[in-house]
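User: I'd like to learn how to read a few features of a helical model, step by step. Can you take me through one, giving the general idea first and then the case at hand?

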Amino acid sequence: MADRQEGHGGEQHRRTRQFEAFVAGAAGRLLHAATLLTAETRTRNPHAQALLTASLAHTYAQWDRMRGEDPYDRTRADLAARFARAAWRHHRGRGGVLAALTPQERLVVVLRLYEGVAEEQAAALLGLPEERVRAVCARSVSALRAGTGRIAS
């Protein structure tokens, strides 16, 4: 019985170490993506931090069931889904570089341009036709260029 408990404790410790290593390597980029989504600034991004914390908690809860799935992709997908579900409450940006865009536009731009998600993958993730993703991305880039003269990353 003691061996069984030690084994379970060792497995839990291994899981925690793996997850902590993932967070150490990915949290900065994921927080930046969340900050772009919420249109907050890098220095003041409480909604982005909360969004990322919830997504990381979900990833940790699913860690043992991922079976070879990329934890970054899983967390990014959860982050996008959480943002999309909550976007109706946060229509306006808070001063971030993408604040002029709608929540859907920010989501498409962050996935396609910042994260480099393929058009067909972004469409599947968002439940939109590829043509819609393409159009939203093009319109958003045009709006950013017209409004700021450049696209900030």
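**Reading the helices, rings and loops**

Analyst: Let's start with burial along a helix. Nine of the twelve residues of H4 are buried, so this helix is largely enclosed by the rest of the structure. Keep in mind that this is a predicted model.

User: Which residues of H4 are buried?

Analyst: In H4 the buried ones are Pro103, Glu105, Arg106, Leu107, Val108, Val109, Val110, Leu111 and Tyr114. Just past the helix, look at the backbone too: glycine 116 follows H4 and has a positive phi, near 70°.

User: Now helix packing. At what angle do H4 and H5 pack?

Analyst: For a pair of helices, check the angle, then the handedness, then who touches whom. H4 (residues 103-114) and H5 (residues 119-126) pack at about 140°, and their axes are 10 Å apart. Angles over 145 degrees would count as roughly antiparallel, so this value makes H4 oblique to H5. The crossing of these two helices is right-handed. On the H4 side, Leu107, Val108, Leu111 and Arg112 make the contact, and on the H5 side Glu119, Ala122, Leu125 and Leu126 do.

User: How many nonpolar, polar and charged residues are in the contact of H4 with H5?

Analyst: That contact has six nonpolar residues, two charged ones and no polar ones.

User: Let me try the same reading on another pair. How do H2 and H3 cross?

Analyst: Their axes come within 9 Å and cross at roughly 135°. H2 and H3 are therefore oblique to each other, and their crossing is right-handed. H2 contributes Leu51, Leu52, Ala54, Ser55, Leu56, His58, Thr59 and Gln62, while H3 contributes Pro71, Arg74, Thr75, Asp78, Leu79, Arg82 and Phe83. Sorted by class, the residues of this contact come out as seven nonpolar, five polar and three charged.

User: What about aromatic rings? How many aromatic pairs are there?

Analyst: With rings, look at the distance between centres and the angle between planes. Counting ring centres within 6.5 Å, the model has four aromatic pairs. One of them joins phenylalanine 19 and phenylalanine 22: the pair is tilted, with 6.1 Å centre to centre and 50° between the planes.

User: Why are those two rings about one helical turn apart?

Analyst: Start from the general rule: an α-helix has 3.6 residues a turn, so residues three or four places apart point the same way. Here, phenylalanine 19 and phenylalanine 22 are three residues apart in helix H1 (residues 2-38), so about one helical turn separates them. Both phenylalanine 19 and phenylalanine 22 are buried.

User: Which other ring does phenylalanine 22 pair with?

Analyst: Phenylalanine 22 also pairs with tryptophan 63, again tilted, at 5.8 Å centre to centre and 45° between the planes. This pair reaches across the sequence: phenylalanine 22 sits in H1 and tryptophan 63 in the loop between H2 (46-62) and H3 (71-86), so parts that are 41 residues apart in sequence are tied together. Phenylalanine 22 counts as buried at 11% relative accessibility, and tryptophan 63 counts as buried at 14%. Zooming out, Phe19, Phe22, Tyr60 and Trp63 form one aromatic cluster.

User: How should I read a positive phi outside glycine? Where does alanine 39 lie?

Analyst: Pair the backbone angle with the location and the burial. Alanine 39 lies in the loop between H1 and H2, with phi near 55°, a positive value in a residue other than glycine. Its relative accessible area is 1%, so alanine 39 is buried. Now compare arginine 67, in the loop between H2 and H3: phi is near 45°, also positive, but at 75% relative accessibility arginine 67 counts as exposed.

User: How far apart in space are alanine 99 and alanine 39?

Analyst: They are 4.8 Å apart, C-alpha to C-alpha, while 60 residues apart in sequence. Alanine 99 has its place in the loop between H3 and H4 and is partly exposed, at 26% relative accessible area.

User: One last example: what does threonine 35 touch?

Analyst: For contacts, set aside the neighbours within four places in sequence, and threonine 35 is in contact with Glu40, Thr41, Arg42, Asn45 and Ala48. Threonine 35 is found in H1 and is buried, with a relative accessible area of 5%.

Methods: Residues are numbered from 1 along each chain as its sequence is written. This is a predicted model: local features need pLDDT of at least 70, side-chain atom pairs count only at pLDDT 80 or more; totals for chains, interfaces and linings use all residues. Side-chain values use heavy atoms; hydrogens and water are left out. Axes are lines fitted to C-alpha atoms, for helices over the stretch in contact, and angles run from 0 to 180 degrees between N-to-C directions. Helices (H or I, at least four residues) and strands (E, at least two) are DSSP runs, numbered from the N terminus. Angles under 35 degrees count as roughly parallel, over 145 as roughly antiparallel, 65 to 115 as roughly perpendicular and the rest as oblique. A crossing is left-handed if the near helix is turned anticlockwise from the far one by less than a right angle, and right-handed if clockwise. Contact means heavy atoms within 4.5 Å. Ala, Val, Leu, Ile, Met, Phe, Trp, Tyr, Cys and Pro count as nonpolar, Asp, Glu, Lys and Arg as charged, and the others, Gly among them, as polar. Rings of Phe, Tyr and Trp (its six-membered ring) pair if their centres lie within 6.5 Å; planes under 30 degrees apart count as stacked, over 60 as edge-to-face and the rest as tilted. Buried means under 20% relative accessible area, exposed over 50%, partly exposed in between (1.4 Å probe, protein chains only).
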